[in-house]
Amino acid sequence: MAELPDEMDAIDPAEAGGPEVLQLVRRPVPKPGAGELLIRVAAAGVNRPDVLQRRGFYPPPPGAPSIPGLEVAGEVVATGEGVQPELFGQPVCALVAGGGYAEYCAAPAGQCLYVPEALSMVEAAAMPETLFTVWTNLFERAFAREGDRVLVHGGTSGIGTMAIALARLFGLELIVTCGSDEKCRQAEALGADHAINYKTQDFVAEVRRLTEGAGVDIVLDMVGGDYLPRNLDCLAEEGRHVSIAVQRGATAELLIPKVMQRRLMLTGSTLRPRPAAFKSLVADELARSVWPFAEQGRLKPIIHATFPLADAAEAHRVMEAGEHVGKIVLTVG
Ligand SMILES: NC(=O)c1ccc[n+]([C@@H]2O[C@H](COP(=O)([O-])OP(=O)(O)OC[C@H]3O[C@@H](n4cnc5c(N)ncnc54)[C@H](OP(=O)(O)O)[C@@H]3O)[C@@H](O)[C@H]2O)c1
């Protein structure tokens with residue numbers, strides 16, 4: 001085992017608020033519990049849920065650290081009981097329920113993927129949250145298969161850019177929505193088949209036009225509210241609607257007969273509170289089905305910007321400004 005310090009730098013705001021609450025503080029280095037690894041963090045991904053947590057709207061689930069950060073990459077510097085000691089010294093990335101904005105982070109071993117040479121630590125840290133989310137929702141909950149037509153809102157978001165990458169690899173036809181013409185062009189340059197500017201175009205009419213009236217097989221929705229009935233109007237018969245966020249509101253009014261007549265399926269999920277056993281199963285599936293593409297350099301996240309951990313506030317300001325394309329990542333050490 002490496003010689004480890006007792007304390008580390010971390011971001012752990014005492015109260016909810018604006019980006020300015022994200023200040024460096026000293027915290028004890030976590031001890032890896034049974035089945036866990038301790039990672040010396042090289043980079044930590046920033047995700048929209050971190051912003052919600054900072055503002056006080058998305059508290060960590062029971063047992064999770066108060067330190068924000070849902071994904072990290074770095075070197076294994078200690079292993080807990082029941083974890084193969086051979087993992088010591090290995091480069092890994094991990095999905096965590098919190099604790100990423102820190103110099104050290106404990107992660108369940110089952111939620112780690114090793115970092116292949118084709119990925120930098122920054123790239124590896126930018127993948128777990130969106131990869132686990134898009135994979136489970138698109139492929140497991142909505143049964144995406146080659147040839148399916150899919151509509152994803154927020155095409156240039158962290159989630160949207162991962163959806164574009166997976167759609168390319170797994171043969172999905174992807175339509176995305178974005179808030180500007182420039183973002184639409186960027187989404188298409190990344191591999192989206194079509195991008196609709198939702199501020200200047202009616203996305204329902206555009207989806208109908210692009211699919212010659214047939215509609216899409218799947219909608220992956222991070223908008224909610226009044227988008228829900230419009231999303232259903234985009235779906236083909238037997239279409240599947242997956243909710244992953246409610247940025248425009250948590251309630252919606254639907255015409256139930258439309259669901260019945262077109263045999264639609266409505267589902268959704270939140271990743272963070274799911275048990276480690278579930279996340280480990282997903283990691284196994286990703287290691288088999290998706291990670292070989294990462295090893296070959298065919299799956300990489302889109303990195304918008306990196307900031308040192310001490311500048312986490314600036315990273316959140318950039319995310320909230322909403323001009324980013326892809327991921328924002330904190331570098332540590
Ligand atoms: N359920 C889960 O397990 C889970 C896991 C991770 C993330 N999420 C959610 O997924 C969403 C994306 O996360 P992220 O980290 O990728 O965030 P992000 O990069 O900040 O992206 C947010 C996106 O929302 C889009 N958006 C906002 N209002 C919209 C509207 N009215 N119509 C279309 N798009 C709209 C923005 O598009 P424009 O900038 O083009 O307007 C932007 O691309 C967040 O809401 C997050 O909470 C859910």
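These questions and answers look at how the ligand sits in this predicted model.

Reader: What makes the ligand's approach to lysine 183 a polar contact?
Author: An oxygen atom of the ligand is 2.6 Å from an N or O atom in the side chain of lysine 183, and a pair of N or O atoms within 3.5 Å counts as a polar contact, so this pair qualifies.

Reader: What makes the pair at serine 269 a polar contact?
Author: Here a backbone N or O atom of serine 269 lies 2.9 Å from a nitrogen atom of the ligand, and because the limit for such a pair is 3.5 Å, this one too is a polar contact. Taken alone, the ligand exposes 920 Å², of which the protein buries 90%.

Reader: How do you know that Tyr198 and His324 are near the ligand?
Author: Both are among the closest of the 27 residues that surround the ligand, and a residue is near a molecule if one of its heavy atoms lies within 4 Å of it.

Reader: Why is the ligand said to lie between two domains?
Author: Domain 1 (7-126 + 272-331) and domain 2 (131-268) both give residues to the shell around the ligand, so the ligand lies between them.

Reader: What makes four residues of the shell count as charged?
Author: The shell around the ligand divides into 11 nonpolar, 12 polar and four charged residues, and the charged class is made up of Asp, Glu, Lys and Arg, so those four must belong to these types.

Definitions and conventions. Residues are numbered from 1 along each chain as its sequence is written. This is a predicted model: local features need pLDDT of at least 70, side-chain atom pairs count only at pLDDT 80 or more; totals for chains, interfaces and linings use all residues. Side-chain values use heavy atoms; hydrogens and water are left out. A polar contact is a pair of N or O atoms within 3.5 Å; within protein, one must be able to donate a hydrogen and the other to accept it, and residues adjacent in sequence count only if both atoms are side-chain atoms. Accessible areas come from the Shrake-Rupley method with a 1.4 Å probe; for residues, only the protein chains shown count as cover. Domain bounds come from an automatic or database domain assignment.
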